[in-house]
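Hi,

Here's the structure I said I'd pass on. Have a look at it first, and my notes follow below.

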Amino acid sequence: MKIAFVGKGGSGKTTLSSLFIRHLAATGAPVIAVDADINQHLGPALGLDEVQAAALPALGERLPLIKEYLRGTNPRIASAAEMIKTTPPGEGSRLLRVREDNLVYEACARAVELDGDIVRLMVTGPFTDADLGVACYHSKTGAVELCLNHLVDGQGEYVVVDMTAGSDSFASGMFTRFDMTFLVAEPTRKGVSVYRQYKEYARDFGVVLKVVGNKVQGRDDVDFLRAEVGDDLLVTFGHSDWVRALEKGRPPRFALLEDVNRRALHRLHAAVDATYELRDAERYTRQMVHFHLKNAQSWGNERTGADLAAQIDPSFVLGESAVASTTV
């Protein structure tokens, strides 16, 4: 199951995504955590110190390796250089699976221990001085989109992505790659403005969107959010001494998280699992092709020198049945 956390900058989406990752890991489920935010804070939110977080391998810096691995023996892709972030898999492509070991995880993921449970953490990497004036952040998040496009995940397996802030997520087709999108909103006008943007942009793509209220201090805050977002409001989080200790770099054992916040995490988990029956492999693949063609028409063909439309395998549908037609 693929889950995105989005929201306004400062809303607390990284904190809540890290709590949800800890919750999933505590259940024994396999979890891949991905930091796709321009501000790389998920590692520290999962307990890494500054040195450990800085040492994480950046997906954006390993894009050639990722492309070479994923293209496999796909005859429609002559070289890794011809692949772009939206290049879809086809017969002969290599797919990623949550539970497996592979060269992409070996190069780009690191194991993080959470109270005895292990999750894999992948990060896009920070926006560096070398990028200033010559690159946009989507050149880094493109590695995440490419991996998601080649990922086969099943029920009880989880990929949690901490997305970039605001509506910037819509600068690519990555917003369609998730079973569930949690939009973290504070009980303020600015807090819900991103929700309205996201709801409008996503309405024609079948995106399952639920609002998670954060920094809620009382009934009035809950009533405000309910009035602004209606039934999309799933659950709220208030003050947490556990989170405050985490932000000081001294997180207690996760088992000591407040009961009210633990129950909220269970509701997030149940909402995610309920989307499994909504999965539509044909729509998922169709949307992937849609955004690939848009990239091809706008700049892709000139950039790579390849006919990107020819990379599409019309018989390929990314789902459980795709496994048999891909390189192992």
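Is helix α1 mostly covered or mostly open, and how many of its 14 residues are buried? It is mostly covered, with 12 of the 14 buried, where buried means under 20% relative accessible area with a 1.4 Å probe, protein chains only.

Before the rest, some housekeeping. This is a predicted model, so to speak of local features I needed pLDDT of at least 70, and side-chain atom pairs count only at pLDDT 80 or more, while totals for chains, interfaces and linings use all residues. Residues are numbered from 1 along each chain as its sequence is written, and side-chain values use heavy atoms, with hydrogens and water left out. Helices (H or I, at least four residues) and strands (E, at least two) are DSSP runs, numbered from the N terminus.

Back to α1 (residues 13-26). Its buried set includes Lys-13, Arg-22 and His-23, along with Leu-16, Phe-20 and Ile-21. End to end, from first C-alpha to last, α1 reaches 20 Å, close to the 20 Å expected at 1.5 Å a residue (1.5 Å times one less than the number of residues). Just after α1, Gly-28 takes a positive phi of about 90°.

Next, β9 (residues 209-213), which has four of its five residues buried. On one side of the chain order, β8 (residues 180-185) pairs with β9 in the parallel sense over five bridges (pairing takes at least two DSSP bridges), and Phe-182 has Lys-210 as its bridge partner. β9 also pairs in the parallel sense with β10 (residues 233-236), over three bridges; there Val-212 is partnered by Val-235. Both connections are right-handed β-α-β units: β8-α7-β9, with α7 at residues 189-202, and β9-α8-β10, with α8 at residues 219-229. Right-handed here means that, with the strands pointing away from the viewer, the path from the first strand over the helix to the second runs clockwise.

Finally, the cavities (sets of points on a 1 Å grid over the protein atoms alone where a 1.4 Å probe fits but cannot get out). The whole structure has three of 30 Å³ or more, and the largest holds about 110 Å³, a volume being the space filled by probe spheres set on the points. Its lining (residues with an atom within 4 Å of a point) is 11 nonpolar residues, with no polar and no charged ones. Among them are Ile-32, Tyr-105, Met-122 and Cys-147; Tyr and Cys count as nonpolar here. The largest share, three residues, comes from α6.

Cheers

Definitions and conventions: 1 Å grid on protein atoms, 1.4 Å probe; cavity = no way out; pocket = protein on both sides within 12 Å on 5 of 7 lines; lining within 4 Å. Buried < 20%, exposed > 50% of the residue type's maximum accessible area, 1.4 Å probe, protein only.
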